[in-house]
Amino acid sequence: MRKITIMLVFLLIAGVNFAFAQSRTITGKVTSAQDGMGIPGVTVMVKGTTIGTTTDIDGNYSFAVQPDHRTLIFRFVGMISQEIVIGEQSTINVVMEPDVLQMEEVVVTALGISKERKALGYSVQDVSSEELTRSGSSNLSTALQGKISGVEIKPSSGMPGASSQIIIRGARSFSGNNTPLYVVDGMPISSTADYSTGNSVTGADIANRAVDIDPNDIESINVLKGQAAAALYGIKASNGVIIITTKSGKGNKTGKPAISFSNFTSFDKVSRKPDYQTKYAQGSYGMNVPNTSFSWGPEINSLPDDPTYGGNSQGHPGMYYVPQLEAAGLDPWVTPQVYDNFGDYFDVGFTTTTSLNISQANDKGNIAFGIGNTTQDGIAPSTGMDRWNAKAAGETKLNNNWSMGFSSNYSRTSIDKLPAGNDAALAGVYAAPPNYDLAGIPTNSPTDPYSQIYYRSLTFDNPYWGASHNKFNEVTDRFFGNGFVEYSPYIAENMSIKTRYQLGTDVYTTHYQDIFEFGSRGRTGEMNNYGVTSQTINSLLTATFDWTINSDFNLTALIGNELNHRNRKFYDEYGTGFNFGGWPHIGNTKIQQADESQYQDRTVGFFGNLALDFRSMLFLNVTGRQDYVSTMPRDNNSFFYPSVSLGFVITELESLRDIPVLSFAKVRASYAEVGQAAEYYQNFFASPDYGGGFWGATPIQYPVDGISSYLSNNVQYDPNLKPQNTKSYELGAELKFFSNRLGVDYSYSNQLVTDQIFQVPIAASTGAAALVMNGGEIKTKAHEVVLYATPVVYRGFEWNITVNYSKIDNMVNELAPGVESIFLGGFVTPQVRAGIGSTFPVIYGSSYLRDDNGNIIVVDNPGAWNHGMPETGPPAVIGEVSPDFLLGVSNRFDYKGISLSATLDWKSGGQMYSGTNGLLDLYGVSKLTENRDETFVFEGVKPDGTPNDIVRGGPNDPDAYQDLVTNVLTNIDEYYIYDNSFLKLREVTLSYAIPKKLLNNVDLTVSVFARNLLLWTELPNFDPESSQGNNNMGGSFERFSMPQTSSYGFGINLNF
Amino acid sequence: MKMNTIIKYLAVPVLLLIMAGCSKDKLEEINVNKNNPLDVPSRLLITDVITKTAFSITGSDFAFYASVYTEHNVGIYNQMYNAEIRSAEPALATTYNNTWGSVYETLYNLKIIIDKTSDEGDEAGNYHTLGIAQVLTAYNLAILTDLMGDVPYTEALQPGVIFQPKLDKQEDLYNEVFRLLDEGIANMGKETTAAGLGTQDFLYGGDIGKWTQFAYGLKARYTARLAFRNGGKWEDVITFANQSFTSVADEAKFVYNGSSTNSPFYTFFIDRDYFGASTSLHNKLTQRNDPRDGVFFIPYPGTGSVEFAPNGAPSQVQGFYGISGVMSSTAPTYLLSYHELEFLKAEAYARLSGVASADAQAALEGALTAAFAKVGMDLDSTYWVDEVLPLFTADPVREIMVQKYISFFESEAVEAYNDIRRLKALGENFITLENPNNATQFPQRFTYGADDVTTNLNIADAYGNGSYVYTEKVWWAGGTR
């Protein structure tokens, strides 16, 4: 590290070499061909150098040129660039034409290389700041939903800070990382969660680190979808790259500082509320049982007749006895009533996002400062998020050859959460008996705040008690940023060279706290303080050489080196058994366990890129990267990743150039290989862990009375591990018609991931549970279409449509010998897994017993309790998670400053395990169970193959329906599988840009917006975008998960 | 300054730095695991081997399901309810999978200990730890084969080498159990300079004499177990039992401290609440006016009286039926109790000499005294004289076995389950079970674990669709596998 510092100082000193030579001044004015007005902020550069200036407010410029400066380049966003030979002129006026075809749109590709869009041989897609923030979403990933093709974004819920998954072109790893690399201002940063939610059946969600990014500070996002696009990033690139450029003041008008201020405020509510039955009370088989979780009791209005609890026979006519009220010291006799326990619990959430950005550009560079805050109160009590972001960025020219700059970001994110699954805070809200006044009856004994009063046994906490006593919180402080110096000496008119060194860091600390207070679940509580400190250093050296060989050929070459080193420290303090309530501190627990682990990893890569352009028609790009990683076995720790791509602009062909309809056509093809490394270790011993299985808490905790023990770790490592490899090719075409009014961009890609690294489950009888080895193959075929059109442009009215279509088929080809499937999460059954010949992932669990024709077989055994009911069949794949296709449609209408935009999102196909839906039936609270007194014939066949005609239920067979639901269907996991196709009106925004002249040159835009406001889905009762887990099982498995939200709000945006 | 000069000054140190940063040595050094030991001495391994053997293998899931099949408890919710009504769970490979894994994990760590302490190992000469490891291996192997029949052993415990171990016959496994016990006893009898286990031994605090008694007690238990196959070596049972425990103080009992270690049945109630009071067991107690009835069962907290759950057909409802009164966070797990040993003796004497055997009666009285003490009671003389003795006189072995069955409530349910199956093989249906589903669906065994069913074709073949659990007895109970 010290060496690097010395080197940097040296670089800086060496840079101060001002050149003095004869120079003369050139002046001129740049005007627009459209209106003849001067254009401010046009970049005027000497070709092959970084020497230049920008035009002033009237479009005028002036600067000194050297004798060896021959050509000037004029560039402005949205205009066609021009090159003018200086010759003997001292005044150069330029008229710029608008670039309607966006032929010269520059996109940022791997490692900050800027390229004209048309030169690309692979697919990239960008999202502008305006698209990201127009609906006021405080979460980057949800703000991207429906706006990029080939990308599936799965939010886990609508809770503040909820984790979400972004997967580009399907999964490449069963159990490992499938999320793209995030690069902010050239610096790769962490975006994944440091803690997986594991099987995702207990505990609270863990946010992923993309949550630290404030969408309001983003200037643009570029998504490198394919491996060819990303291959220069090497081993980190297999999942694609999300390149984020923050607001830096670049491209601002020079001179005056630009200040922008924005505020978005929204109100959130549960997006979908389940339908409940309102007829039957708590109990079982028609009997009132005041402490059961079931609502299979008598009719609510007959409660006063109950022989035990009814008031009609006990001097309280029309009332019934509620023991929980007695326990609370209140009058236990109440009149039967139906309560909206779900509605009572959820409140209106509130989100406000404010950001302020000040930037200034001048002829030497630009500088920006920004600060932002997001404050969110969740819809559930004691949930919320508070995030502060601050940033500073700048870039300056030191002299003709040297420039330097920096980008720095600080964030502090604090999230209050609720647990789900088997720890679900909401279990008691979702499944509360309709006759129980959950919100009204006190949650605890009047004499002891830690003695809970609840309608059921304390395997779950009373949700109101939990909200006021338990705590699930995470706080992250984070800094990331980088500084760079650039050296670009003049070498020749037709050549340029640029050397850049960038040193960046990403440092954060997250502290998590999970507290089950004294009295939780009727016990003495437990707490867990844990967290991570992560420090990453990234050193990046690149040298770029650009050579216009002749009028036909242009060559760009790049070589470079990247070193990425990360240190992480995890700590964990676990305490059980508080001495007393009210002080949930680790020091108040009877038994404490502490653990700490330290990890470091390093990746060093050497890379090169060669791009050859022929007549702006043929573009060849070749890259190679050799990576060395520390997390693989010694003899298998270096690998080479190549890529090649070719773009062919057909419309540059002489014969096609002048077809009036077709403005632009390009075909492209690419091939790449990239990989993923494992986290390899020598086999070791570890302290035993007694969690899981039937256990809620940890029944055995070492050290036991001061004695420790270790066992051979039940996950072992294959010393012959090699990196997993992704080979992919991509074909695509881009067509534009009618002067860019209609365009289509299609890509087909094919990925084959071999030598998949994962914890291969091995037979327990071998003595270990899993072996980290290579063992599996997954194949993905993806079709992506982006369609954009401007159907109407008429007298200031403009209608734009963008359609993003993705069809991704992700198939598991093979697994290690003897392995049929890989467990990704869930319970013993049902679980989410990867299986051979199936799409990835699938839901596995017990099925209905079926005949060879697939009909459900019912029991034909008159007199048996389950006569006429289905039976549990063998475990099988009962659901496929991946959708058939995704379609996002954005419409935008503009008229004189008024803009209306709407994004529709359609997911077709796919299934999920909806535990809550099944459990609402089991508990007898769903609307479906309201007709429990009617007869039913279960659809299926009898064992002899004839259609089932066995009639059960009705007044003479009163137990049958409950038997069917609580004893039969509840054990058949397939019953809980639902299709979850949906069509969502993801966002609608109406905004009005108030004319400048009214406001003394201030840009003011006001908007109203709504998110997630209409939903059509096949999933009953709940929003399909509510699920468990921040890992590869995300989006497929739900059990008392947090609900999704709909938001309505308004925003203002002020620029002056 | 010339560019060449800059490159010279810049590029060389940078390249050197970077090349040094990715050398194989450097990268390997970075990847050193700082968080876990690569090796530990046997005494640090054996502690959790003992704990897992007691808590996970003897005390938890196996015992929970066995307590349903033996009608010590009634499964009234979720998985235990399914076991009660014989739906799904008894035939599913997932049901016993966690414990299946724990047994093999324990056997694998025992193998490491045995390798370490054997002649070639780095702790050669540590005979006592070697002997203890052999006894524990025998104990775990016996539990496994008792419940599951033929299981992998000779090809097992080689992770990454043999991926699909084949099955060994139960008869061979029992030979191995006796071999291990004999070798264990021999090793524990040797002189050693190695330090004793001391506080690392949660069972006996390193007392090698008690470990030896335990090994003999196991020989008595397993000799009786094979009665259907060995024609009844009851003299051997008595011989071995006499070399075993001499009082309750010697029994192999794993004690929980109620804070960092917690009893399985109690934790199961707190975490799951899946059991109700058994009508069948209640009936056996009331028939005998057994004073333990009032101790075994208590009302569900917050309810007034003990509601007994009907075996085989309870309502699936929590918070209604009575619960066990003997569970507590510190209720111990018995690997081999003193009362079991006395019952074994009583059975052996009674089988040899019937009512005439005063030894049988004395052993039964000793067993009952210990069994009452287990639940905090003194053996009531009225009960002994008026209720037990007449039944003993009428049919000594039957009463011994019924009393043994009652005394096993509830944590020793696995042994009760083994006894019921052994007696059935001998044609002695002394213990009347009331679950009507037993007519067609008495679980003759537990299934193999899903981790092997899904990855080991040998086990997948043996498992089939799981329905074998209702039809195929284990070898010592008269079956073939």
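Colleague: What radius of gyration would a compact globule with 1056 residues have, and what does chain A have?
Modeller: The globule rule is 2.2 Å times the number of residues to the power 0.38, and the radius is taken over C-alpha atoms. For 1056 residues that gives a value near 31 Å; chain A comes out at 32 Å, so the two agree. Along the principal axes, the C-alpha atoms of chain A fill a box of roughly 110 × 70 × 65 Å.

Colleague: What should I keep in mind about where these values come from?
Modeller: This is a predicted model, where local features need pLDDT of at least 70 and side-chain atom pairs count only at pLDDT 80 or more, while totals for chains, interfaces and linings use all residues; side-chain values use heavy atoms, with hydrogens and water left out. Residues are numbered from 1 along each chain as its sequence is written, with chains lettered from A and ligands numbered from 1 in the order in which they are written.

Colleague: Is A:Asn409 buried or exposed, and how do you know?
Modeller: Buried means under 20% relative accessible area, exposed over 50%, and partly exposed in between (1.4 Å probe, protein chains only). A:Asn409 has 7%, so it is buried. The residue sits in strand E23 (residues 402-416) of chain A. Strands (E, at least two residues) and helices (H or I, at least four) are DSSP runs, numbered from the N terminus.

Colleague: Which residues does A:Asn409 touch, not counting those up to four places away in sequence?
Modeller: Contact means heavy atoms within 4.5 Å. A:Asn409 touches A:Asp217, A:Thr246, A:Ala390, A:Lys391, A:Arg478, A:Phe479 and A:Phe480.

Colleague: And B:Ile76, why does that one get its label, buried or exposed?
Modeller: Its relative accessibility is 2%, so B:Ile76 counts as buried. B:Ile76 lies in the loop between strand E1 (73-75) and helix H5 (78-84) of chain B. Beyond its neighbours within four places, its contacts include B:Tyr81, B:Asp273, B:Phe275, B:Pro314 and B:Tyr321.

Colleague: What share of each chain is buried?
Modeller: In chain A, 60% of the 1056 residues; in chain B, 63% of the 481.

Colleague: How many residues of H6(B) are buried, and what span does that helix reach?
Modeller: 17 of its 21 residues are buried, so by the under-20% cut-off H6(B) is mostly covered. The expected span is 1.5 Å times one less than the number of residues. Helix H6 (residues 97-117) of chain B reaches 30 Å from first C-alpha to last, close to the 30 Å expected.

Colleague: What makes something a nonpolar core?
Modeller: The set has to be buried Ala, Val, Leu, Ile, Met, Phe, Trp, Tyr and Cys residues joined through side-chain atoms within 4.5 Å. The largest has 260 residues, and among those touching the most other members are A:Phe174, A:Phe346, B:Trp211 and B:Phe446. Helix H7 (residues 127-148) of chain B gives the most to this core, with 13 residues. A second, separate core has 40 residues, including A:Tyr122 and A:Val241.

Colleague: At what angle do the axes of H9 and H19 of chain B cross?
Modeller: Axes are lines fitted to C-alpha atoms, for helices over the stretch in contact, with angles from 0 to 180 degrees between N-to-C directions. On that basis, H9 (residues 208-225) and H19 (residues 413-425) of chain B come within 10 Å and cross at roughly 35 degrees. B:Arg221, B:Ala224 and B:Arg225 in H9(B) meet B:Glu415, B:Asn418 and B:Arg422 in H19(B).
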